[in-house]
Amino acid sequence: MTQYDLLRQHIAEICPLSDSEWEYVSQHFTFRKLRKHQFLVQKGEMVPCEFWIIKGLVKTYAIDCDGKEHILQFAMEEYWTSDFQAFQNQVPACMYMDCIEDSEFFCLKLEDREKICHEIPSMANFFRIKAHYGYIALQQRIMSLLTETAEERYNNLIKKLPRLIQRVPKKLLASYLGVTRETLSRLKS
């Protein structure tokens with residue numbers, strides 16, 4: 001199965017497309033590979049694309065004035081990711097995104113997404129639904145940070161994303177959970 005077949009299958013879960021619609025849609029996506037530690041997005045730069053991850057793992061984070069990294073998201077296979085505020089509003093990025101693993105993904109420019117949605121209204125529905133899923137996930141993450149203990153956050157992460165625990169270094173996992181490495185070690189024992 002090619003990368004384009006995977007993308008078509010992903011879209012078809014919400015929005016089945018005819019062959020001619022798929023031909024039109026697929027030509028707007030650009031395939032890209034990055035190696036571990038390469039950036040998709042850097043703070044202060046323009047964000048021309050949103051990304052659909054085919055293979056690999058990406059972290060989205062900010063760095064505070066003390067140099068501490070705060071991880072907003074880990075994105076892996078079949079995730080859509082970007083600095084969405086910068087992408088949508090065409091302003092410089094306020095966060096960083098880099099690869100934790102060698103990664104493959106499709107890039108979609110804002111103007112191409114708008115063309116696709118205009119020409120194929122069911123694709124507008126697809127992107128609306130995906131945006132809602134992302135918003136819900138972000139809301140759940142914020143509520144988790146506000147209302148749950150570190151242990152509850154860790155246990156919920158294991159239940160929701162067991163594969164992620166195996167792929168992310170402890171230091172990054174601790175940052176994502178909002179705890180120290182020492183606290184994470186206690187939670188894991």
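Ala, Val, Leu, Ile, Met, Phe, Trp, Tyr, Cys and Pro count as nonpolar, Asp, Glu, Lys and Arg as charged, and the others, Gly among them, as polar. The views below show a predicted model, in which local features need pLDDT of at least 70 and side-chain atom pairs count only at pLDDT 80 or more, whereas totals for chains, interfaces and linings use all residues. Residues are numbered from 1 along each chain as its sequence is written, and side-chain values use heavy atoms, with hydrogens and water left out.

**The largest pocket and its lining.** The largest pocket (on a 1 Å grid over the protein atoms alone, an open set of points where a 1.4 Å probe fits, with protein on both sides within 12 Å along at least five of seven lines) has a volume of about 1,400 Å³, taken as the space filled by probe spheres set on points that are joined across faces, edges and corners. Its lining, meaning residues with an atom within 4 Å of a point, is made up of 42 residues, and Gln73, Tyr133, Gly134, Ala137 and Leu138 lie nearest the centre of the pocket. By class, the lining comprises 21 nonpolar, 10 polar and 11 charged residues. At least two lining residues come from each of β5 (69-76), β6 (80-81), α3 (84-89), α5 (121-147), α6 (150-160) and α8 (170-177), where helices (H or I, at least four residues) and strands (E, at least two) are DSSP runs numbered from the N terminus. Among the contributors to this lining, helix α5 gives the most, with 14 residues.

**The second largest pocket and its lining.** This pocket has a volume of about 300 Å³ and is lined by 16 residues, of which Lys68, Glu69, Lys171, Ala174 and Ser175 lie nearest its centre. Six of the lining residues are nonpolar, four are polar and six are charged. While β5, α5 and α8 each supply at least two residues of the lining, the largest share, five residues, comes from α8.

**The buried side of helix α6.** In α6, the buried residues (under 20% relative accessible area with a 1.4 Å probe, protein chains only, where over 50% is exposed and in between is partly exposed) are Ala150, Arg153, Tyr154 and Leu157. These residues cover an arc of only 95° around the axis, which puts them on the same side of α6; the arc is that of the directions from the helix axis to the C-beta atoms. The elements that cover these buried residues include α5, α7 (162-167), α8 and α9 (181-188), with contact meaning heavy atoms within 4.5 Å.

**The ring pair of Trp80 and Phe127.** The structure holds 12 aromatic pairs, that is, rings of Phe, Tyr and Trp (its six-membered ring) with centres within 6.5 Å, counted as stacked with planes under 30 degrees apart, as edge-to-face over 60 and as tilted for the rest. In one of these pairs, the rings of Trp80 and Phe127 have centres 5.5 Å apart and planes at 75°, so the pair is edge-to-face. Because Trp80 lies in strand β6 and Phe127 in helix α5, this pair ties together parts that are 47 residues apart in sequence. Trp80 and Phe127 are both buried, and ring pairs link them into a cluster with Tyr4, Phe29, Phe31, Trp52, Phe106 and Phe126.

**Phe126 and Ile11 in contact.** Phe126, which lies in helix α5, is buried, with a relative accessible area of 0%. Not counting residues up to four places away in sequence, Phe126 touches His10, Ile11, Ile14, Cys15 and Trp80. The C-alpha atoms of Phe126 and Glu13 are 9.3 Å apart in space, although the two residues are 113 residues apart in sequence. Ile11 lies in helix α1 (residues 3-12) and is likewise buried, with a relative accessible area of 1%. When neighbours within four places in sequence are left aside, Ile11 is in contact with Pro16, Leu17, Trp22, Val25, Met123 and Phe126. Ile11 and Lys130, in turn, are 119 residues apart in sequence and 9.9 Å apart in space, C-alpha to C-alpha.

**The two sides of helix α2.** Trp22, Val25 and Ser26 are the buried residues of α2. Seen down the axis of α2, they fall within an arc of 90°, so they line one face of the helix. This buried set packs against α1, β1, α4 and α5, whereas Ser20 and Glu23, on the other side of α2, are exposed.

**The buried side of helix α4.** Within α4 (residues 110-119), Leu110, Asp112, Arg113, Ile116 and Cys117 are buried. They cover an arc of only 160° around the axis, which puts them on the same side of α4. Among the elements that cover them are α2 (19-26), β1 (29-34), β3 (49-55), α3, β8 (103-109) and α5.
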